[in-house]
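Biologist: Please take one part of this model for a close look, starting from the backbone of a single strand, and then set that part in the context of the rest of the chain. I would like one connected account with the residues named.

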Amino acid sequence: MPDVTTEASHPLYSPLPVELSERPPAGLPPAPALRCAPERLRNAIAAGAGAVALLWGVQARPSARLDAFFATGAHLTGLLAGYGVLVLLLLMARVPAVEHGVGADRLARWHALGGRYVLGLIGAHALLALCGYAVHTRTDLVTATGDLLAYGAIAAATAGTGLFVAVGVTSARAVRRRIPHETWRAVHLGALLAAALGFVHQLAGPDLAGGLLTRWLWSMAHGTVAVLLVWYRLVVPVRAALRHDLRVAEVRDEGPGVVSVLVRGRGVAHLRAEPGQFFRWRFLRRGLWATALPFSLSAPVRDDTLRITVKALGDHTRRIRRLRPGTRVLATGPFGALTAHRRTRRKVLLLAGGVGITPLRALFETLPGGPGDVTLLYRASNEAGLVLRAELETIARERRAALHFLLGPSDGAFDPLAPRALRHLVPELAAHDVYLCGPPAMSRAATASLLRAGVPASRIHSEDFDHA
């Protein structure tokens, strides 16, 4: 039996030796995937920004005139804002090499942070351009605003700015919690129109209108991002749906408010989904078809079958338990970087909280390792909150791996995720790679404890599917 640690007791479970190399692989082995490392992507984005600044610098004409000063600043902020919009669209284009290498949650965080910078640049560009025009024409700001809006390209840019502001407002955490996901998604689709309107404005601007090569490069950059968006967010999902014909095979109760959904199709193994990854699922039934929901695979792919395990936390997840066999499914993916390729050490700790066990359960079964190499810690408030417990116990018994259930309320006197408790449960903790998945608050607390326990930040691997 696995170890169950509560506030009153914390014994250790001693794994028995077993040669894991004899364990057959589950399903079709994933083909090596192209992965863009986070550092490489960050460097490429920074280099692109530098190139845009260089383009501005080559064309800038130094002048002591106030209107020229405002205009020069407007040109720089406008070019950087246009480049920033392209970067934001690329981050959300779901390019497999980027998704697999960087991770969907990190991309979402970069996208959110970049959006704030882009909105700031757009605001600065508009203000500087307005001030420059007012000084040049010797008019007040209100008159200058009316005059500028008479130009079609500027009117288009103003409409695009309004759409970007709407996206930013609805993305604020306090607002997003209060609006339906479909509304948030519809507003975000407006960003595509905003980008198109901004592109029209940029082509008419002084930094691009005068140079054929510059206009061609700028147009090629926009065209490339547009093709990536259409290909990976529209063509690839539709092609996969037609090829694999995914349908719900079974909905299985796993516990209070928790179900597993088995989805079966043709040639599913060719999706090359790795344990730890997730898909965005669209179930074609009333109340669910309009929303793509991100759920991790809770088991390796077998017999052309994918499995997800879902806890009822909202309207959409509650409807999933009422799915009927035969319901058609559109699945986009696989996505995510919480996979075996992140592993850098022989010893691995899997640390799960609540329904965050789903990707780690698949990794618990499939990660290679010898005796004592793989340990799973599962945090829950009580035994009823342990999802897939019987499967975990079976895997631990077959692999002779260490399994600890850490039970107790999050505000209890004893914290099983405190640094001292973690070091007690996992000998040589600092020598482990750690895979972490759970509710945001639990993940933040666990990350802080792991760092204090001596685990380097580079070896703490997590994905927050709340942001994915």
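Modeller: A strand here is a DSSP run of E of at least two residues, numbered from the N terminus. In that sense P334 belongs to strand β7, and since the coordinates come from a predicted model, what follows describes a prediction. The peptide bond leading from G333 into P334 is cis, its omega lying near 5°. Most peptide bonds are trans.

The strand that carries this bond, β7 (329-335), is an edge strand of its sheet, as is β5 (293-296), each of them pairing on one side only. The sheet itself is open and consists of 3 strands in the order β5-β4-β7, with antiparallel pairing. Between neighbouring strands of this sheet the average turn is 30°, with direction ignored. The partner of β7 is strand β4 (residues 278-283), to which β7 is joined by 5 bridges in an antiparallel arrangement. Within that pairing, F335 of β7 stands opposite F278.

A second sheet can be read beside this one. It too is described as an open sheet of 3 strands with antiparallel pairing, here in the order β2-β3-β6. Its edges are β2 (247-255) and β6 (305-311), and because each has a single partner strand, one side of each is left without a neighbour in the sheet. The twist from one strand to the next averages 20°. Strand β3 (residues 258-264) pairs with β6 over 7 bridges in the antiparallel sense, and one of the residue pairs is V261 with its bridge partner I308 in β6.

A parallel pairing is found further along the chain, where strand β9 (residues 374-380) and strand β10 run parallel and are joined by 6 bridges. The bridge partner of A380 in β10 is L407. Together with helix α13 (residues 389-399), the strands β9 and β10 make a right-handed β-α-β unit. Strand β10 (residues 402-407) is mostly covered, as 6 of its 6 residues are buried. In a regular strand the side chains alternate between the two faces of the sheet. For β10 both faces are covered, with A402, H404 and L406 buried on one side and L403, F405 and L407 buried on the other.

Turning from strands to helices, the axes of helix α6 (residues 152-171) and helix α8 (residues 181-204) come within 8 Å and cross at roughly 150°. An angle over 145 degrees counts as roughly antiparallel, and α6 is therefore roughly antiparallel to α8. The crossing of the two helices is left-handed. On the α6 side the contact includes A153, A156, G160, L163, F164, V167, T170 and S171, and on the α8 side the residues taking part include W184, V187, H188, G190, L193, L197 and V200.

One residue of this contact can be followed further. W184 lies in helix α8, and W184 counts as buried because its relative accessibility is 10%, where the cut-off for buried is under 20%. The C-alpha atoms of W184 and S171 are separated by 7.6 Å, although these residues are 13 apart along the chain. With its neighbours within four places in sequence left aside, W184 is in contact with T170, S171, R176 and I179.

The backbone also has features worth noting in two loops. Most residues other than glycine have a negative phi. R94, in the loop between α2 (66-91) and α3 (96-102), has a positive phi near 60°. R138, in the loop between α4 (104-137) and α5 (141-149), likewise has a positive phi, near 55°. Their surroundings are described by opposite words: R94 is buried, with a relative accessible area of 12%, whereas R138 is exposed, with a relative accessible area of 81%.

As for the chain into which β7 is set, there are 15 helices and 12 strands. Of its 468 residues, 44% count as buried. Among contacts between residues at least 6 apart in sequence, 74% join residues at least 24 apart. To return to the starting point, the cis bond from G333 to P334 is followed by a residue of β7, an edge strand whose bridges to β4 number 5.

Note on methods: Residues numbered from 1 in each chain as written. Predicted model: local features only at pLDDT ≥ 70, side-chain atom pairs only at ≥ 80, totals over all residues. Heavy atoms only, no water. Buried < 20%, exposed > 50% of the residue type's maximum accessible area, 1.4 Å probe, protein only. Helix = DSSP H or I, 4+ residues; strand = E, 2+ residues; numbered from the N terminus. Pairing = 2+ DSSP bridges. Right-handed = clockwise from strand over helix to strand, strands pointing away. Axes fitted to C-alpha atoms, helices over the stretch in contact; angles between N-to-C directions. Parallel < 35°, antiparallel > 145°, perpendicular 65-115°, else oblique. Left-handed = near helix turned anticlockwise from the far one by under 90°. Contact = heavy atoms within 4.5 Å.
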